[in-house]
Amino acid sequence: MNVNNDVFCINYKKSLQYWADIPPTVDGVLGGFGFISDVDIEGSELFLKALFSSDNPPSTKTALDCGAGIGRITKQLLLPHFDLVDVVEPDEKFINSIKEYVGEQASKLGTLHRVGLQEFVPMRKYDVIWNQWVLGYLKDEDLEAYLIRCRDSLSPTGIIVVKENVTSSGKIEKDSTDSSVTRTFKQYIRIFKKCSLKRIKQCKQTNFPNGIYPVYMFALVPNHKELEQSLVKTTTALNNSCKIAQNEMEL
Ligand SMILES: C[S@@+](CC[C@H](N)C(=O)[O-])C[C@H]1O[C@@H](n2cnc3c(N)ncnc32)[C@H](O)[C@@H]1O
């Protein structure tokens, strides 16, 4: 684990191959840490409830579970709160296990997208988009483009949640086993800012065993002020280039 080397590069095919050999169980999707699932869900539940009781809460119509595995979060966290939950998961065996794993709540499952997040384009508006233990599989440029697509597919009071490991070393750590990275806290903050996403809540998961990475939850919404400013800049630049073209035509 955690091989630091300069030539390391995330390889989507290698990650898929890694997950193809993992059994479709809670222990499998949590890399042998199945015993932390209940505590993890409790922490997420508190976080989600805090978002529901905020001044501008998300609606409870549609949620999206990204990198869903067998649907652990869909079943235990999202389906009890939302009318409909879509999932994105590239592994065939995992996605085929979701309906059975979810059981009696399966009627509230929406579309199961079998695709990597780097290629996924949301087709409807979501109230909550939950990303957990998956963003380390994306290259920075793909992560940014993906977060922007998520940002633009939120319903008016929609929220993106990111729940990820961060390194305590302050440096990015690379794992050649599953071709993933663990980013630093600062790297995530920089990426959110670059995508014009504003943090409205953040929380460190508690009661996890010692010796694992710190896990943070972030609630993100579009930074409308920044987006409007960049729209004004683009419009001004376009108007100016039109004026130049007009002047050239008149010459
Ligand atoms: C550690 S598991 C977490 C599963 C689930 N989020 C959970 O917490 O139970 C990582 C999941 O990400 C999926 N994954 C890996 N690369 C991905 C990618 N590029 N896009 C979407 N999902 C990916 C894997 O197939 C696996 O199901």
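This note sets out, in numbered points, the strands, helices, ligand surroundings and selected residues of a predicted model.

1. **The pairing of S1 and S2.** Strand S1, residues 62-66, and strand S2 run parallel and are joined by five bridges. Within this pairing, alanine 63 has valine 85 of S2 as its bridge partner. Between the two strands the chain passes through helix H4, and the resulting β-α-β crossover is right-handed. Strand S2 covers residues 84-88, and four of its five residues are buried, so that the strand is mostly covered.

2. **The pairing of S2 and S3.** Strand S2 is also joined to strand S3, residues 109-113, by three bridges, and these two strands run parallel. Valine 87 stands opposite leucine 112 of S3. Helix H5, residues 92-102, forms a right-handed β-α-β unit together with S2 and S3.

3. **The pairings of S4.** Strand S1 has a parallel pairing with S4 as well, made by four bridges. Here cysteine 66 has asparagine 131 of S4 as its bridge partner. Strand S4 pairs in turn with strand S5, residues 154-165, in the parallel sense and over six bridges. In that pairing, the partner of isoleucine 129 is isoleucine 160 in S5. A right-handed β-α-β unit is made by S4, H6 and S5. As for covering, seven of the seven residues of S4 are buried.

4. **Tryptophan 130.** This residue lies in strand S4, which spans residues 126-132. Is tryptophan 130 buried or exposed? A residue counts as buried if 20 or more other C-beta atoms lie within 10 Å of its own. Tryptophan 130 has 26 other C-beta atoms within 10 Å and is therefore buried. Its C-alpha atom is separated by 4.9 Å from that of valine 161, although the two residues are 31 residues apart along the chain.

5. **Helix H3.** This helix comprises residues 37-52, 16 residues in total, and reaches 22 Å from its first C-alpha to its last, close to the 22 Å expected at 1.5 Å a residue. Its buried residues are Asp40, Gly43, Ser44, Phe47, Leu48 and Leu51. Viewed down the axis of H3, these buried residues fall within an arc of 130°, and they therefore line one face of the helix. The exposed residues Asp38 and Lys49 are carried on the face of H3 turned away from its buried side. A general rule of helix geometry is useful here: an α-helix has 3.6 residues a turn, so residues three or four places apart point the same way.

6. **Helix H6.** At 1.5 Å a residue, the 12 residues of H6, numbered 140-151, should span 16 Å, and the end C-alpha atoms are indeed 16 Å apart. The buried residues in H6 are Leu143, Tyr146, Leu147, Cys150 and Arg151. They cover an arc of only 140° around the axis, and they therefore lie on the same side of H6.

7. **The surroundings of the ligand.** Which residues come nearest to the ligand? Of the 22 residues around it, these are Gly67, Gly69, Arg72, Gly116 and Tyr137. Helix H1, residues 12-20, and helix H4, residues 72-78, each supply at least two residues of the shell. The largest share, three residues, comes from H1. By class, the shell is made up of 13 nonpolar, six polar and three charged residues.

8. **Two residues with positive phi.** Most residues other than glycine have a negative phi. Tryptophan 133 is not a glycine, yet its phi is positive, near 50°. It is found in the loop between S4 and H6. Tryptophan 133 has 19 C-beta neighbours inside 10 Å and therefore counts as partly exposed. Asparagine 207, likewise not a glycine, has a positive phi of about 65°. Its place is the loop between strand S8, residues 197-204, and strand S9, residues 215-222. Asparagine 207 has 10 C-beta neighbours inside 10 Å, and for this reason it counts as exposed.

Notes:
Residues are numbered from 1 along each chain as its sequence is written. This is a predicted model: local features need pLDDT of at least 70, side-chain atom pairs count only at pLDDT 80 or more; totals for chains, interfaces and linings use all residues. A residue is near a molecule or strand if its C-beta atom, placed from the backbone, lies within 6 Å of it. Ala, Val, Leu, Ile, Met, Phe, Trp, Tyr, Cys and Pro count as nonpolar, Asp, Glu, Lys and Arg as charged, and the others, Gly among them, as polar. A residue is buried if 20 or more other C-beta atoms lie within 10 Å of its own, exposed if 12 or fewer, and partly exposed in between; C-beta atoms are placed from the backbone. Two strands pair if DSSP finds at least two bridges between them. A crossover is right-handed if, with the strands pointing away from the viewer, the path from the first strand over the helix to the second runs clockwise. The expected span of a helix is 1.5 Å times one less than its number of residues. The arc is that of the directions from the helix axis to the C-beta atoms.
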